[in-house]
Amino acid sequence: MRQNPLAYLDAELSALREQGLYRHLRILDAEQKASTSFDHHSVVNLSSNNYLGLTTHPRLRERAGDALQRLGVGSGSVRTIAGTMEIHMELERRLAVFKKTEAAVVFQSGFTANAGTVSSILGRDDIIISDELNHASIIDGARLSRATIKVFPHRDIDAARAILEALPVASRKLLITDGVFSMDGDLGPLPALCELADRYGCVMMVDDAHASGVFGANGRGTVDHFGMHGRVDVQVGTLSKAIGVLGGYVAGTRALVDFLYHRARPFLFSTSHPPAVAAACIAALDVLESEPQLMERLWTNTRLFKAGLQALGFNTGGSESPITPVIVGDGGLAMRLSDRLFQEGVFAQGIAFPTVARDRARVRTIVTATHTPQELQFALDAFARVGRELRIIG
Ligand SMILES: Cc1ncc(COP(=O)(O)O)c(C=O)c1O
């Protein structure tokens, strides 16, 4: 009989089970909303990136439905062959205006936007200087580029400067940070990093996946929030989080976008979005302009919930955004906290190694504009009960 050559995977999975780190996918059996149902269990949902509630916004539904009827369900090709529809071009023009850049290019996801861009604009002879907590898609893009990768400790400007100081002046360098760090909710120190990029002649790149729709005027992101327009050469955003749909994009000069049209491998070798996706994203940009109260509500809820967790005595790290981690240290404890909260009607995902460092496991919470004060209080009461039960708080 043939031996199973993948048997070693069973051993790895057993090890995860023993460490209490084995996860079942939670199945959403309703819409992606602030209160919903996962695994046939009603919960207050603190785990989605649906910051503004746009996944179910009537204007997005309507525009997606209209595009679906007019243009069909798929694009039928990669962008560079027959899969560029006028609606894709309209979305790119709208994103460039939104980000105040010359041009923008849409990718299938934020992941492919980062990985496809970093791996194509840098090569073997170049150097990437990267925050240690940058997103996995940046790390993978950096590896694919074959450039030398220099990692500086999280948000440590002095360490980044020391790395740059030691590099050959003539080398091509990319300095890269997340705008909002997805596991900690803190911000990349953009003004100081842009200074460094200017001084040492680096290409400056920011991944604003969690900042677009959340920070800056009408959600233009951390580049706008910090007044850094014109100082960041490559701005990445996603259409999958606050925008509520699917996709990623890169905004910058016309030349950058033209280059990515020719060299970014996910753009060249993977089919473009269905027209309904592009239509819904355009509608989302309209909503960001016309309904600023959504962002205001997001921030009111963020302040209320973060203050509530801190008053209970939880360690929420250095979060400055709607992402608030509850850091407990041990991976098994984070998963127990998450599971008990779920039983109490609150879905807050447990996150452990390798997504975060072994001793920094946590439950991550994300509030949205659409949570009611009652839902947030319900969640805080559950955190208080379970936190005491597990002796995380006194
Ligand atoms: C910081 C950051 N960048 C990029 C991505 C990838 O975005 P997407 O989900 O659109 O692929 C994520 C999402 O997980 C993220 O948190």
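## Exercises: the ligand site and the cavities

An N or O atom in the side chain of H210 is 2.8 Å from an oxygen atom of the ligand. This model is predicted: local features need pLDDT of at least 70, side-chain atom pairs count only at pLDDT 80 or more, and totals for chains, interfaces and linings use all residues. Residues are numbered from 1 along each chain as its sequence is written, and side-chain values use heavy atoms, with hydrogens and water left out.

**Exercise 1. Describe the surroundings of the ligand.**

Step 1: Start with the neighbours. The ligand is surrounded by 15 residues, with G110, D207, H210, S240 and K241 the closest; a residue is near if one of its heavy atoms lies within 4 Å.

Step 2: Sort that shell by class. It has 10 polar, three charged and two nonpolar residues. Here Asp, Glu, Lys and Arg count as charged, Ala, Val, Leu, Ile, Met, Phe, Trp, Tyr, Cys and Pro as nonpolar, and the others, Gly among them, as polar.

Step 3: Find the leading element. Helix α4 (residues 110-121) gives the most to the shell, three residues; helices are DSSP runs (H or I, at least four residues) and strands likewise (E, at least two), numbered from the N terminus.

Step 4: Look at atom pairs. The side chain of K241 has an N or O atom 3.0 Å from a ligand oxygen, and for F111 a backbone N or O atom lies 2.9 Å from an oxygen atom of the ligand.

Step 5: Add the cover. Of the 380 Å² of accessible area that the ligand has on its own, the protein covers 83% (Shrake-Rupley method, 1.4 Å probe).

**Exercise 2. Find the enclosed spaces and compare their linings.**

Step 1: Count them. The whole structure holds two cavities of 30 Å³ or more. A cavity is a set of points on a 1 Å grid over the protein atoms alone where a 1.4 Å probe fits but cannot get out, and lining residues have an atom within 4 Å of a point. Grid points are joined across faces, edges and corners, and a volume is the space filled by probe spheres set on the points.

Step 2: Take the largest cavity, about 60 Å³ in volume. Its lining includes R79, H88 and F107, and has five polar, four nonpolar and one charged residues.

Step 3: Turn to the second largest cavity, with about 40 Å³ of space. Residues lining it include L52, N218 and E291; by class, six are nonpolar, one polar and one charged.

Definitions and conventions
Polar contact = N/O pair within 3.5 Å; in protein donor to acceptor, adjacent residues only side chain to side chain. 1 Å grid on protein atoms, 1.4 Å probe; cavity = no way out; pocket = protein on both sides within 12 Å on 5 of 7 lines; lining within 4 Å.
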